[in-house]
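Hi,

Here is the structure I said I would pass on. Have a look at it first, and then read on for what turned up.

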Amino acid sequence: PAPAVAAVAGTCAPVYAHAVAFSRTPAEDALGELSADEVREVARWFSAERGAVGTRNASADCMWLAGPSAVELLIPPKKAALAYIEGRGPRPQRFARVTAVGRAGVEEYRVGPIVDGRVAAGATAEVIRRAGDVPYTKRPTETNADNRLSEGLLNATLKGMAPLLTKAFGNVFAELDGYDETQGTVGYFNRNDALRPAGERADMLIFQLFPAGARVEAAWLHPMPMQMKVNTSAQDPAAWNVFGVMFCGQGPYASAADLMSDHAAGKIHMCPFNRSTGIWDVPQRVTPKSEKPRAVEAHGGVSWGPWSFTLTQRPSTGPAMLDVRYRDERVLYELSLQDAFAGYSGDESSQFFYADSSWSMSMLSTSLLPGVDCPEDARYLSAVSWETLLPGGVAEADPTNPHGFYPICVFEFTEDHTIWRHMQNSNPPEVRGLLRKTLVVRTVATVGNYDYITDIKLREDGEIEVKTRFAGFIESRYFDPASNPGEANFSTIIRPDLAGPVHSHIVNWKVDIDVGGGAAPPAAAAA
């Protein structure tokens, strides 16, 4: 920690140097997340050893590195890590935890040791979660694999619905004859139907219109009155099928063919759909980014005023602050984001609950923007990602080809209030006070439509404040009083055809408190 450089005259109150300093620390060596080079080395070593691939393919026998925890640091036991941090023991060996999916289900391995950024000679892949403990149908979320593997099935389904879709929405489906990009383009995103019975898995497909000439993000405010599900239970994507088809509040139909049968019989109600766009669906005022380049730091050890700590960023759950000390006394072993939940109200077909770490609280983001996300004088730290963002808001995962980016910034901030202030009742009155200086650690995680802006603030008086603010776009729903009048029970009707559903956010943090060297189990905090 930065030492006190002086003391207030006549007191023992320290005056701290407030320059932010970065350094390599024992906590970073023991607990810092894997680098891009380490992820690449582990992923390629494991793939060669086990015949796995970095990105899922269409083979029923495919074994792939799966999910946002596909290749992460296997965190060493706290006792061993503390012994090293405090100079009482050796540095714990560095291992990766690898998550893979094969025909038998989800498996986890301890891979390593990792030495100097490479998998050491004589390394092993030790099973720590056996195949079958987690069934194949409960495999981790794949942000684009299911879309890619079900593309042929979906195209055939949409073509079978062509007379209805073109009549209802226009020539906006690229999969159909007569497609006219000047009318806009339909896209979709999928989410796991977590309430399927044991042994089943399904994706829920949510359709949106990408208006012609508008930014991609405008699609969040152009929901379409249709959805369907894809049964993805089988290992072989050729065995997947579409079910649960909804159209203009009607359904669910067991298949698209059943919906089209009712359409041919004149039983389907057509609902109005407005393709117009404008200045209302994308923010118009934008702060220009700074031309000043990022000041990038190589190490996550931070000292400022009375505080010192180590920062890292986990691919699945995001930021973690380790070995947090105030006046050289450790008060927290770990302060780390665990998950962000969003529960959306709605009827049986539309209500939903997101657990965003299943997508990643880190890797679907990009580097923070100087002058917009952080002040121009902020300092930046890197993290690893193996997600490549694709047009339309999806991403392809491949841990064998990771890259670095800068999702963390650190800066000093003078707040708009004082630590203390008083007017002395004298003649003349005398006002004195002490400005509140704060060190801010900021991370921003984008998950689809939402941006989670998280600040960890450390103050001179020993206070730590953690706050997450929410930005981005709402996940909206189509509304038509004649087709789905019940939506008004769950939503604010923003425009005549657009509903904003009532929903709740819960952000969960792990707080492992070590005041006085305590060995109590960590507490869970929700905000």
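Let's start with a pocket. The second largest one has a volume of about 1,100 Å³. Its lining is made up of 40 residues, and N192, D193, A194, F352 and F353 are the ones nearest its centre. Several strands give two or more residues to that lining: β7 (105-115), β8 (118-134), β9 (185-192), β11 (223-231), β12 (241-247) and β19 (352-355). The most comes from β19, which supplies four residues. If you sort the lining by class, you get 16 nonpolar, 14 polar and 10 charged residues. Do keep in mind as you read that this is a predicted model.

Two of those lining strands are also partners. β7 and β8 pair in the antiparallel sense over eight bridges, and R110 has E126 in β8 as its bridge partner. Together β7 and β8 make a hairpin with two residues between them, and D116 in the turn takes a positive phi of about 55 degrees.

Now for the sheets. One is an open sheet of six strands, in the order β14-β20-β23-β24-β25-β26, with mixed pairing. At its edges stand β14 (295-296) and β26 (464-472); each has a single partner strand, so one side of each has no neighbour in the sheet. Within this sheet, β23 (residues 403-424) and β24 (residues 430-447) run antiparallel and pair over 13 bridges. To find one of those spots, look at I408, whose bridge partner in β24 is T443.

There is also an open sheet of three strands, ordered β27-β29-β28, with antiparallel pairing. Here β27 (477-478) and β28 (491-495) are the edge strands, each pairing on one side only. β28 and β29 (residues 498-501) are joined by four bridges, and I493 has A499 in β29 as its bridge partner.

What about the inside? The largest nonpolar core has 44 residues, and those touching the most other members are F309, L311, M321, V324, V441 and L458. Strand β18 (residues 329-344) gives the most to this core, with seven residues. Apart from the largest core lies another, of 34 residues, with L149, V245, C248 and Y478 among them.

M321 is a good place to zoom in. Leaving aside neighbours within four places in sequence, M321 is in contact with F309, T310, L311, Y333, E334, L335, V441, I456 and L458.

Which residues of helix α3 (residues 78-85) are buried? They are A81, L82, A83, Y84 and I85. Their cover includes α1 (26-31), β17 (318-326) and β18. Just after α3 comes G87, with a positive phi of about 75 degrees.

One last residue to click on is A212, in the loop between β10 (202-210) and β11. Is A212 buried or partly exposed? A212 is partly exposed, because its relative accessible area is 34%, and buried would mean under 20%. Not counting residues up to four places away in sequence, A212 touches E181, T182, Q183 and G184. A212 and S276 are 64 residues apart in sequence, while their C-alpha atoms are 9.1 Å apart in space.

Happy browsing!

Conventions
Residues numbered from 1 in each chain as written. Predicted model: local features only at pLDDT ≥ 70, side-chain atom pairs only at ≥ 80, totals over all residues. Heavy atoms only, no water. Pairing = 2+ DSSP bridges. 1 Å grid on protein atoms, 1.4 Å probe; cavity = no way out; pocket = protein on both sides within 12 Å on 5 of 7 lines; lining within 4 Å. Points joined across faces, edges and corners; volume = space filled by probe spheres on them. Nonpolar A, V, L, I, M, F, W, Y, C, P; charged D, E, K, R; others polar. Buried < 20%, exposed > 50% of the residue type's maximum accessible area, 1.4 Å probe, protein only. Contact = heavy atoms within 4.5 Å. Core = buried A, V, L, I, M, F, W, Y, C linked by side-chain atoms within 4.5 Å.
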